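Hi there,

Here is the structure I promised to pass on to you. Have a look at it first, and then read on for my notes.

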Amino acid sequence: MSKRFSLLVFDWDGTLMDSQARIVASFQATIAQLGLEPRTPTQIRHIIGLGLDIAIATLFPQTSALLRQQIAQYYRSHFFNLNLPMPLFPGVAETLQTLHTAGYKLAVATGKSRAGLNLALADSGLSNLFHGSRCAEETGSKPHPQMLQEIMAELNVLPPATLMIGDTEYDLQMANNAKVGAVAVTYGVHDKAHLLTFQPLICLDTLPELLDWLPTH
């Protein structure tokens, strides 16, 4: 494939880093602490990728704004204090390094907070590979296109040259809304059959497969 894309924007949770266990455990600890109606791991996993405020409103639509603020506060506390590992998926670091060396601009568009992304970048050692990033608290949450629009404006890249890579319907909807290309990865939160309904350019079972699809020379 010719080098049609120059900017590659990656989701974080479920695409680059396997953080599902920590996110689910943090929500479950919060629910127990506040005596809320239980939610299953599947229900919690489904909202991964959304900004925290929207994720909480989706999980607990009948709660007051004040209680949702409490849930967010408790969740953040648990997330930053739980001792659960968040490894990168296999081949992620090597794939990103290859793409960076090949001259692509790399960025992150995530539902994480800025503090959460900074922690993940520090833990993973990937900070120097990215040219830009946006977090949900700073702009419109997925699937709103604002995250991608701001990254493209900052890095001076137009939609036809931009590719979004993610594991959820929210990533693919955001890409469609921003009129950029989309690649789905199938090892994260949402399954392949569901992702295909949003018409990604390709579905990958591992991130290194991206190197078979994008030119790197």
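To start with the layout: the protein chain of this predicted model is divided into two parts, domain 1 (7-18 + 86-216) and domain 2 (19-81). Their C-alpha centres are 23 Å apart. Where they meet, 20 residues of domain 1 are in contact with 15 residues of domain 2.

On the fold as a whole, the protein chain has 10 helices and 6 strands. Its radius of gyration is 17 Å, close to the 17 Å that the globule rule gives for 217 residues, so the chain is as compact as a globular protein of that length. If you are setting up a box, the C-alpha atoms fill one of roughly 55 × 35 × 30 Å along the principal axes. Of the 217 residues, 53% are buried. Taking the contacts between residues at least 6 apart in sequence, 66% join residues at least 24 apart.

For the surface and the charges, the accessible surface comes to about 9600 Å², and carbon and sulfur atoms account for 53% of that. The chain carries 14 positive and 18 negative charges, and the mean positions of the two sets are 5 Å apart.

Now for some backbone details that you may want to check by eye. Most residues other than glycine have a negative phi, and most peptide bonds are trans. Here are the places that depart from this pattern:

- Lys142 and Pro143 are joined by a cis peptide bond, with omega at about 5°. Pro143 sits in the loop between β3 (132-135) and α7 (146-155).
- Lys179 is not a glycine, yet its phi is positive, at about 60°. This lysine belongs to the loop between α8 (169-178) and β5 (181-185). With a relative accessibility of 67%, Lys179 counts as exposed, because the cut-off for that is over 50%.
- Gln199 also has a positive phi, near 55°, in a residue other than glycine. You will find Gln199 in the loop between α9 (192-196) and β6 (202-204). Its relative accessibility is 69%, so Gln199 counts as exposed too.

One last residue, this time in a helix: Ala65 is in α4 (residues 65-81). At 46% relative accessibility, Ala65 counts as partly exposed. Its C-alpha atom is separated by 9.7 Å from that of Asp53, and the two residues are 12 apart along the chain.

Happy to talk it through whenever suits you.

Best wishes

Notes
Residues numbered from 1 in each chain as written. Predicted model: local features only at pLDDT ≥ 70, side-chain atom pairs only at ≥ 80, totals over all residues. Heavy atoms only, no water. Helix = DSSP H or I, 4+ residues; strand = E, 2+ residues; numbered from the N terminus. Rg over C-alpha atoms; globule rule 2.2 N^0.38 Å. Buried < 20%, exposed > 50% of the residue type's maximum accessible area, 1.4 Å probe, protein only. Contact = heavy atoms within 4.5 Å. Areas by Shrake-Rupley, 256 points an atom, 1.4 Å probe, with all protein chains shown as cover. Lys, Arg positive; Asp, Glu negative; His and termini not counted. Charge placed at Lys NZ, Arg CZ, Asp CG, Glu CD. Domains from an automatic or database assignment.
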